[in-house]
Amino acid sequence: MTAEAADARFLDLAIALGRRGLGRVWPNPAVGCVIVQGARVVGRGWTRPGGRPHAETVALAQAGAAARGATAYVSLEPCAHHGKTPPCAEALLAAGVVRVVSALEDPDPRVAGRGHALLAAGGVAVTNGLRAEAARRANEGFLRRVTEGRPHLTLKLAVSVDGRIATATGESQWITGPEARRAVHGMRASHDAVLVGAGTARDDDPSLTIRGLGVTHQPVRIVASRRLDLPTEGRLFNGMEDAPVWLCHGPAADGERQAAWAVQGARFLEVPVHHGRQLDPAEMLQALGAAGLTRVLCEGGGTLAASLLNAGLVDELVTFTAGLGLGAEGRPGLGAMGVDALAAAPRFRLERLRAVGPDAMAVWRPERR
């Protein structure tokens, strides 16, 4: 194996380790670190829940004295600023690491090359940029929040073959099978928050929690409701001890309902109204980014999904398609989008397709990227 191939292999391991923190470490990045002495891994770690300790700290603690003279493989540039913990670049220097291979420079203004520079000034050989695209994909939520001010947005749609999410009477449980629903719980586990519109919150009374996977953390549950016309009862209202609830609302929200939700412990984010009718989707995501979220999973409904698509804010589209047809009278998966020409429609390219029980799961990315 060539030296570059070995570097790529260990960096891939660091990136895979870092992904274990997705959904648990916001607002921090989900970083992985591998310490290698010769060809032997002597320490490995990933960012822990809440964002601390950092991956490098965990890996160095595991490596102990074996870190002296070793190479550290890190999925993102080691931090160089003093926060609640000392800089990881200084920790690597103090441990006697002689080489650092990182996949990606951290765009955070507090780092932005300073970690690499600090290491180089201390005599450490620094290599950067190998496996950069894989590392970018693994931490695109953090990177987008830093560079664009908003979280990475995944839109999930579970539809019939004719694109319906419910019958004409509103029956929707369940269009897809248990395997698809389990996959959705896995998606929730890797996102910081789950977002739904007010109609979904009213009609479905969802819990939006992770169930059946044995995980101990829960995502933030977010409801977008311009008027806060939400029932002061149900799973979200009465379940805030299980997971937090945030409510995105407009300036003219119902004061009495806001007070009732506040007593239960909800957090409120006021968002400007778009064209006098809906919450501005771009402003809403900016508010969520400012609150620290890096990865948000939107699970509907149709009006919210359409507004996010129209605004070009969907970074990943995941569709679960069931083998049944509900007909034109069924409720469509997307609300009105005002598309008059095909050229104006948001278009996605297929990245992955697989069977999930009796259903099909497809992952799509916007063609603009």
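Cys-298 is buried in this predicted model. Its relative accessible area is 0%. The residue takes part in no disulfide. The nearest cysteine sulfur belongs to Cys-248 and lies 11 Å away.

Where does that leave the other cysteines? A search of the whole structure finds zero disulfides. Cys-79 makes a useful case. Its closest cysteine sulfur sits in Cys-88, at 3.7 Å. A disulfide calls for two cysteine sulfur atoms within 2.5 Å, so the sulfurs of Cys-79 and Cys-88 are too far apart for a bond. Cys-79 also counts as buried, at 8% relative accessibility.

Now turn to the sheet. Five strands build an open sheet with mixed pairing. Their order is E2-E1-E3-E4-E5. Strand E2 (40–46) and strand E5 (125–128) stand at the edges. Each has a single partner strand, so one side of each lacks a neighbour in the sheet. On average, neighbouring strands are turned by 15° against each other, direction ignored.

Look next at one pairing within the sheet. Strands of a sheet pair through backbone hydrogen bonds, either parallel or antiparallel. Strand E3 (residues 71–74) and strand E4 (residues 99–102) pair in the parallel sense, over four bridges. Within this pairing, Thr-71 has Arg-99 in E4 as its bridge partner.

Helices pack on the sheet too. Helix H1 (residues 3–19) touches strand E1 (32–37), E2, E3 and E4. The direction of H1 makes about 145° with that of E1. Helix H4 (residues 114–121) packs on the sheet as well, touching E4 and E5. The direction of H4 makes about 155° with that of E5.

Definitions and conventions: Residues numbered from 1 in each chain as written. Predicted model: local features only at pLDDT ≥ 70, side-chain atom pairs only at ≥ 80, totals over all residues. Heavy atoms only, no water. Pairing = 2+ DSSP bridges. Helix = DSSP H or I, 4+ residues; strand = E, 2+ residues; numbered from the N terminus. Axes fitted to C-alpha atoms, helices over the stretch in contact; angles between N-to-C directions. Contact = heavy atoms within 4.5 Å. Buried < 20%, exposed > 50% of the residue type's maximum accessible area, 1.4 Å probe, protein only.
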